[in-house]
Each structure stands twice: as structure tokens, then as C-alpha cells.
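Biologist: I have just opened this one and don't know my way around yet. Could you walk me through it?

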Amino acid sequence: MARYEILGGTPLNGTITVSGAKNAAVAILPATLLVAGPCRIENVPDISDVRILLTILERMGADIQHPEENTVLIDCSGVTSTEPDAELVRKMRASYYLMGALLGRFHKAHVALPGGCNFASRPIDQHLKGFAALGADVEVTDTYVDLAPGAYDLQGGRVSLDVVSVGATVNIMIAATLLPGTTVIENAAKEPHIVDLANFLNTMGANISGAGTDTVKIRGVGALRGGTYAIIPDQIEAGTYMAAAVATGGDVLVRNVIPKHMDCITSKLEEMGAEVIDYDDAIRVRATGKLRNATVKTHPYPGFPTDMQAQICVCMALASGTSRLTESVYETRFFGYCSELESMGADIQINGKTAIITGTQKLYGATVSAHDLRAGAALVIAGLAAEGVTFVKNIHYVERGYEHLIGKLTALGAKIRRIED
Ligand code: EPU
């Protein structure tokens, strides 16, 4: 099992380029199943979740080429299988988008229940409710989801989500794109990757409006044609490096970002004392002395993202005074990393959905374990800011979502290396 060795205490300085968004890529790649012809997808991050998805699609019969770094040419015309490799499907969360894609194209699917980061109970009832609203017959066993046409042909329908769900919004959008009639998703999620998926599908000929608002309308089209599309920059990767710059007392120019997507993160870092300057497609983040305490509550977009909860927690652990961090999307997410941070000297009391973090002067190197992707990213930040050497174990979680982490951090002056045990 590989681990990271980090010699902390060096402020990060320099320029970093953000990769394509993981959570957009893992939606767009399965959506290529709907397209009759080759898609050229650019700015695809080279991360393990993407590699697993591409392998699944290839085994289903997709023709996949990599003409250059971060570009994938994918033609799913030859796919006939509606049963993706169960073992691979169980290795990641977003493999559930294969359900919507197969349902939309073949009107049936036999897909294993997904795996991925299990920092909370992560039900998919809203996805299934959406499929049923489109006319699918949905059967769930302990290990599989089976989708088939119900009594009538599949067609557009109206779905009002009981919880704002990124995954359900995406899955229903994908499933409905080729179905006759109009589908309306109410109480839809508004994350940037939902807009990116809609832009991708519309580029290929779909008719989707309202993405980025809480009502998304999908007017079914007969077919999608191939084309070229570039994935947006990763909001959370950018936020992670911004938090790392602040926690280490550094000064970093984060390139290839959409500053608007970063607003909620930027304003919290500013409140904590960092200087943040927005450019057209870059953000400069500079620590200006001791960090100040803050109050943060996670929310669906445009709120402060749950996927930045752990990283901001490290900044709070190093701030003066007492901070409050409340999680409103996944209650149990604190358990993935707070005790690890405490072993590095952080002072965190968890009280239900809220963590009370009393800032400390210093964190100290320790051996810690990542329990999920963002928890792992937070431990890397803590290691970079800490005095002494930190070992981060279970780094396969981190590699699920951060492209070239070691290279990017090293370029900023970090002393981090990957050790194969
Ligand atoms: N929920 C339900 N039923 C459902 C779906 C969701 O009750 O059918 C609940 C969840 O339990 C949660 C809330 O609704 O409390 C929101 O979950 P959502 O469906 O939005 O999460 P997701 O689609 O499974 C995506 C990201 C996560 C990110 C969340 C929230 C992808 C592949 N994953 O997950 O990203 O935390 O949205 O923003 O897009 C990560 O990148 O590290 C990551 C975990």
C-alpha cells in the first residue's frame, strides 16, 4: 500500500494549474453512451475514478483513444452490453450514472450498486424515483439495480426531488435526454458540474434548459451526434489548493479556475484573513498573518461545499479562537478525518452536525489514514502545515480525485513524496 511522506512547515509559493472537474467528468463520460458517433472530450482529469469508468465503458464495447494528454476520444456506437462489469462498478460512486445512460439508450440496465467513498449512508432512492417517473420498472436487490420498461414505453415525466441530490439530478437528466416528451426535474441540484453536463449534452444535440437553477427541463430528442467538448475546471481541487496555500502561510496563483464557482470558498478564506484576488480565469491566494476563526455551514451549491468541509477544518484548526463547522449534507462526514487531525494536535469537539474547533499554534507530524477522498486531501494539507514528518496512508482515496497531486505540490515548494511499501 502506497503512502505519502510529507515534511511540513514550508509555505506553498508559486503557480498551480487546476485540472478538469472530476464530478463533471464522471457524469459526462457515461453520458457519451447516448451519443451516436465519436465524442472528443478535453480537459479530462487523469485520476483513478476516470480510469475505472473508461475501462468499464471499453469492456462494454466503447472505442476509446487518448490522442493527447487529458483528451479522450470515445465512440460508444458499438456498445451492446447493458451489464457493466460489476466488480469495477463497485469500485466507485459515480458508476451509478451508467444506470441512467443505459436506461436512456437501451431502455434497460442491470447495474451493480455503486461503491466509492463511504463517509455516510448514501442512498440512491431519488435516482430510482426519477427512473420510475420516466416509466421504468425498477427492481433493487442487495447488490444490483434492474431497470426495464414498465407497462408503457418510457417517456418524459415530472420529478420533484425530496432532497437536493447532485447524483439524482444528473442521472435523470441523462436518462431523459433521448426519451420522447418533456421531463421536468424540480428541486434539482445546481452544482457547476450539472451545468457542465447539460452543456455537453446540448453540444451533442440535446435540448436541456434550466440547468443551474432548481428546475431543469429536458425535451427529448431523437438522437445525439458526436462533437467536441472541454470539461470545466475542478471547483474542489481549486478550493483544496487555496486552503493549502492559506494553511501553510503561502502565496499561490491558482490557474484554470472559474472564479464565480469559488465565491463561497473565497469569501470564507477572506473572512479568515487571507487575501484573495480574482482574475479572469485565475485566483491568487495569500496568507496575511495569523488566521482568524470563522463559522461555516455546508450547503448544496451555491453554498459552501461539503467537499471542502475537511480542508477548511484544517485552516480552522490553525486559526485563532474557536470556529464552528456545521455539516448539512452528510452528517457523518467528520468521522473520516477529525480524529486523525486530533492526533496531529488539532482540538475538535464534535457535537452532532457541528464541529467546534479551537485553534492551535501548531500541528505536528503524525501517521494518519485517509478514510475518503476529501478527508485524505485535508490530511495532506495538515501534513504540509505541520511541524515534522507526516505519513498519510490509504492514499488510493486521494488518487481517486486529485490529478498529479505530488507534482503540483512539489512545484509549489512542498516536500512530499509517494512511497511504495
Ligand atoms: N440523497 C438521498 N437519496 C438519494 C440521493 C441523495 O437521500 O437518492 C441524500 C444524500 O444522502 C445526501 C444528499 O442527498 O445527504 C446529497 O447527496 P447527493 O446525491 O447530492 O450526492 P452524490 O450525488 O452521491 C455528489 C458528489 C459528491 C458530493 C455530493 C454533494 C459526485 C460523483 N459526487 O455525490 O462528491 O459530496 O454530490 O455535493 O458528483 C467528492 O467529490 O469527494 C464527493 C463525495
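Biologist: How much area do domain 1 and domain 2 bury between them?
Modeller: In this predicted model, domain 1 and domain 2 bury about 1700 Å² between them, and 53% of that lies on carbon and sulfur atoms. On the side of domain 1, Tyr301, Arg400 and Glu403 lose the most area to domain 2, together making up 38% of what that side buries.

Biologist: And where do the domains run in the sequence?
Modeller: The domain assignment gives domain 1 as 2–18 + 233–420 and domain 2 as 22–230. Their centres, taken over C-alpha atoms, are separated by 30 Å, and 22 residues of domain 1 are in contact with 21 residues of domain 2.

Biologist: How many salt bridges cross that interface?
Modeller: The rule finds one salt bridge across the interface of domain 1 and domain 2, while the count of residue pairs in polar contact between these domains is eight. As for the helices, α12 (373–385) and α13 (396–399) each supply at least two residues of the side of domain 1 that touches domain 2, and the largest share, three residues, comes from α13.

Biologist: Switching topic, what order do the strands take in the open sheet of four?
Modeller: The order is β9-β10-β12-β11, with mixed pairing. The edge strands, each pairing on one side only, are β9 (158–160) and β11 (207–209), and the twist averages 10° from one strand to the next.

Biologist: How many bridges join β11 to β12?
Modeller: Three bridges join β11 to β12 (residues 215–219), and these two strands run antiparallel. Ser209 stands opposite Lys217 in β12.

Technical notes: Residues numbered from 1 in each chain as written. Predicted model: local features only at pLDDT ≥ 70, side-chain atom pairs only at ≥ 80, totals over all residues. Heavy atoms only, no water. Pairing = 2+ DSSP bridges. Axes fitted to C-alpha atoms, helices over the stretch in contact; angles between N-to-C directions. Domains from an automatic or database assignment. Contact = heavy atoms within 4.5 Å. Buried area = accessible area lost by both parts, 1.4 Å probe. Salt bridge = Lys/Arg side-chain N within 4 Å of Asp/Glu carboxyl O. Polar contact = N/O pair within 3.5 Å; in protein donor to acceptor, adjacent residues only side chain to side chain.
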